[in-house]
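Me: Please take a close look at the aromatic side chains of this protein and describe how their rings are arranged. I would also like to see what surrounds them, including charged groups and open space.

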Amino acid sequence: MILYHGSIEIVDNPEIRIPSRSLDYGYGFYTTTSFKQAKDWVKRKLNANSPIGYVNVYELDEDLVKSLKTLLFESPTEDWLDFVMSNRTNKDFNHDFDIVYGPVANDKVYAALALYEGGIIDKQNLISELKAYKLVDQYLFHTDKALKAIKFIEAKEVTI
């Protein structure tokens, strides 16, 4: 399987980084199976001072993944929502999964999550709404052991 990571730099040696903000699946190295998603992320980061970015391409060793502790969300579910909200709202929340896979909370999803966080819609209505969206996926590599499951292939240049 091929995975992509959008960045303003070539990332031939991925590493686990602790972000300055809360992310859906916690800290680690995020990838997607969608080249378009990775490219769009890069384009949002580009500007006159940084006019070039990269979609980094990796091959996933699916046999190695089988030996890792994984959490898979095939679609938005209550368990997925609880997991995402725990990561986004509880600064002390941590999990022990090597890899987490599931839907990306894109701009539409963020708006819907904000309505849920604000108590405007309930969990069931949020899940129903999210299932109507065509969501892109993401893989979080949460541990150094998990990073051994991806091999850098190339970096494709992206410009403004």
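Reply: A residue is called buried when its relative accessible area is under 20%, exposed when that value is over 50%, and partly exposed in between. The structure is a predicted model. By this standard, Y139 and F141 are both buried.

A search of the whole structure yields 10 aromatic pairs. In one of them, the ring centres of Y25 and F73 are 6.5 Å apart and the planes meet at 40°; the pair is therefore tilted, since stacked pairs require planes under 30 degrees apart and edge-to-face pairs over 60. Y25 belongs to the loop between β1 (2–7) and β2 (29–31), whereas F73 belongs to the loop between β4 (70–72) and α3 (78–89), so this pair ties together parts that are 48 residues apart in sequence. Y25 and F73 are both buried. Another pair, Y139 with F141, has ring centres 6.3 Å apart and planes at 20°, so it counts as stacked.

The tilted pair does not stand alone. Ring pairs join Y25 and F73 with Y30, F83 and F93 in a cluster. A further ring, that of F97, has a charged neighbour: the charged end of K69 sits over it, at 5.1 Å from the ring centre.

Charged groups also meet one another. Side chains of opposite charge can pair when their charged atoms come close. The count of salt bridges comes to 8. Among them is the bridge between K66 and D63, whose closest N and O atoms are 3.6 Å apart. K66 has 67% relative accessibility and therefore counts as exposed; D63, with a relative accessible area of 57%, is exposed as well. D92 and K91 form another bridge, with 4.0 Å between their closest N and O atoms, and both D92 and K91 are exposed. Salt bridges with shared partners also join E9, E15 and R17 into one network. Within this network, the N to O distance between the side chains of E15 and R17 is 3.0 Å. E15, at 41% relative accessibility, counts as partly exposed, and R17, at 48%, is likewise partly exposed.

The open space comes next. The largest pocket holds about 1300 Å³. Its lining comprises 43 residues, of which H5, G6, R21, Y30 and W41 are the closest to the pocket centre. Y30 thus appears in two settings, as a member of the ring cluster and as one of the residues closest to the centre of this pocket. The elements β1, β2, α1, α4 (107–117) and β6 (137–141) each contribute at least two residues to the lining. The largest share, 7 residues, is supplied by α1.

The loop that lies between β2 and α1 (35–45) contains S34. The relative accessible area of S34 is 19%, so this residue is buried, the limit being under 20%. Apart from neighbours within four places in sequence, S34 is in contact with the aromatic residue Y4 and with V136 and D137.

To draw the aromatic picture together: a cluster links Y25, Y30, F73, F83 and F93, the pair of Y139 and F141 is stacked, and the ring of F97 lies beneath the charged end of K69.

Methods:
Residues numbered from 1 in each chain as written. Predicted model: local features only at pLDDT ≥ 70, side-chain atom pairs only at ≥ 80, totals over all residues. Heavy atoms only, no water. Phe/Tyr/Trp six-rings, centres within 6.5 Å; stacked < 30°, edge-to-face > 60°. Helix = DSSP H or I, 4+ residues; strand = E, 2+ residues; numbered from the N terminus. Buried < 20%, exposed > 50% of the residue type's maximum accessible area, 1.4 Å probe, protein only. Lys NZ or Arg CZ within 6 Å of the ring centre and 35° of its normal. Contact = heavy atoms within 4.5 Å. 1 Å grid on protein atoms, 1.4 Å probe; cavity = no way out; pocket = protein on both sides within 12 Å on 5 of 7 lines; lining within 4 Å. Points joined across faces, edges and corners; volume = space filled by probe spheres on them.
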